Amino acid sequence: MKHKRLTRILALDLHPRSFGYVVIERLTTLLDWGVCRSYRKTKKLQEVLVGRRLRPLLKIWMPDVIVARVGERRSKSVESLFRQMKKEINGTPFRPITVSLHYLGRSKYERAVALTTRFPAISCKLRAKRKPWESEHYSMSLFEALAIAVAYRAGNVPSLTAAYSGTPSK
Amino acid sequence: MATQRLPNYLRTYRKHSGLSQSDISFLTRLKSKSDLSRYERNLRQPSLRTALACQELYGVAVSDLFAGLSDSVGKNTRNRMKRLRTRLQAKVDHKGSRNGIMQKFQWISHRLLEMPNFKLVQAV
């Protein structure tokens, strides 16, 4: 059957209080995208993000693989969120990747512009380039997640799967 | 890795259109956007009327909108056709070629041959 070989990827860009996500099928089909946030100021913040935001995504899209970026400079809250997510996505291969998204563009904005040309459906989410004194718009996280998915799909990034889950990397 | 198609792609097509759930529910004459949300999350299945409205709206065939569902229904129906064909063949072998039974047998065999990926192997 012609549809037998699909690979659905859920890519996540983690932040202390939010995460951007993108679901792609094959390389070109963008299924879903968005940014999930929580405004809670309690310790249950991560539980909310994982339980109420990530869980429905996993249920709807049933991804074959989940990809998240692992940077060297992560805050404790991101690490905690990362651990919670690992617990939640039990069963689905989880591939933390080291980041080297520079081939898509030097800066986040350049990457976002490059990605909107490839995926015009998300061009409406792209904001004007921020001034140095302005804070980053939360929707940039979505473009970073897409960059992670594209980079993973293109096979340009090394996977740290072995280090995190004990299974050989793709 | 063989991945099955999702039960439906309503959310994908909606997001590509840039319309909200409220807009779509208005266009497809649903009571509220929560109904659409349930369809998108595959908690419920829409009526035939709503499915056809979605087809008209997105310009995509119902079988592509509800791809996974279409696949499973198709597979199920093909299996049942094979079973019925086997039963009819047994009747033909046992009672001889009566007109009605023979006609049914020939029609089902013909339909099965027309289907993609059908192997003419006797179902047990």
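Which residues gather in a patch of positive charge on the surface? The legends below begin with that patch, in a model that is predicted.

**Figure 1. A patch of positive charge on the surface of chain B.** Here you can find Arg80(B), Arg83(B), Arg87(B), Lys91(B), Lys95(B) and Lys104(B), which gather on the surface as a positively charged patch. The element that gives the most to this patch is helix H6 of chain B, residues 67-95, with five residues. One residue to pick out is Lys91(B), which has its place in helix H6 of chain B. Lys91(B) has a relative accessible area of 40% and is partly exposed.

**Figure 2. A nonpolar surface patch on chain B.** Four residues come into view here: Leu19(B), Phe26(B), Leu27(B) and Leu57(B) make a nonpolar patch of about 380 Å² on the surface. To get your bearings, look for Leu19(B) in the loop of chain B between helix H1 (10-17) and helix H2 (21-27). The relative accessibility of Leu19(B) is 31%, and the residue counts as partly exposed.

**Figure 3. Chain A and its secondary structure.** Before the next close-ups, here is the chain that holds them. Chain A has five helices and five strands, and along its sequence they follow the pattern β-β-β-α-β-α-β-α-α-α. Chain A has 170 residues, of which 46% count as buried. Taking the contacts in chain A between residues at least 6 apart in sequence, 65% join residues at least 24 apart. The chain exposes about 9,100 Å², with 51% of that supplied by carbon and sulfur atoms.

**Figure 4. A salt bridge between two strands of chain A.** Over all chains, a search of the whole structure finds nine salt bridges. In one of them, the side chains of Arg8(A) and Glu25(A) meet at 2.9 Å, N to O. Arg8(A) belongs to strand E1 (residues 8-14) and Glu25(A) to strand E2 (residues 18-25) of chain A, so the pair ties together parts 17 residues apart in sequence. Are these two partners buried or exposed? Arg8(A) counts as buried, at 3% relative accessibility, and Glu25(A) is buried too, with a relative accessible area of 4%.

**Figure 5. A salt bridge between two helices of chain A.** In this view Glu144(A) and Arg111(A) form a salt bridge, and their closest N and O atoms are 3.0 Å apart. Glu144(A) sits in helix H4 (residues 140-154) and Arg111(A) in helix H3 (residues 108-118) of chain A, so this pair ties together parts that are 33 residues apart in sequence. Both Glu144(A) and Arg111(A) are buried.

**Figure 6. A salt bridge linking distant parts of chain B.** Back in chain B, Asp71(B) and Arg5(B) form a salt bridge whose closest N and O atoms are 2.8 Å apart. The pair links distant parts of the chain, 66 residues apart: Asp71(B) is in helix H6 of chain B, while Arg5(B) is in the segment before H1. What is the relative accessibility of each partner? For Asp71(B) the value is 21%, and the residue counts as partly exposed; Arg5(B), at 14%, counts as buried. The cut-off explains the two labels, because buried means under 20% relative accessible area.

**Figure 7. A network of salt bridges with residues from chains A and B.** The last close-up shows Asp32(A), Arg11(B) and Lys15(B), which salt bridges link into a network. Side chains of opposite charge can pair when their charged atoms come close.

Conventions
Residues numbered from 1 in each chain as written. Chains lettered and ligands numbered in written order. Predicted model: local features only at pLDDT ≥ 70, side-chain atom pairs only at ≥ 80, totals over all residues. Heavy atoms only, no water. Patch = residues over 30% accessible without salt bridge, like charges linked within 9 Å, V, L, I, M, F, W, Y side chains within 5 Å. Areas by Shrake-Rupley, 256 points an atom, 1.4 Å probe, with all protein chains shown as cover. Lys, Arg positive; Asp, Glu negative; His and termini not counted. Charge placed at Lys NZ, Arg CZ, Asp CG, Glu CD. Helix = DSSP H or I, 4+ residues; strand = E, 2+ residues; numbered from the N terminus. Buried < 20%, exposed > 50% of the residue type's maximum accessible area, 1.4 Å probe, protein only. Contact = heavy atoms within 4.5 Å.
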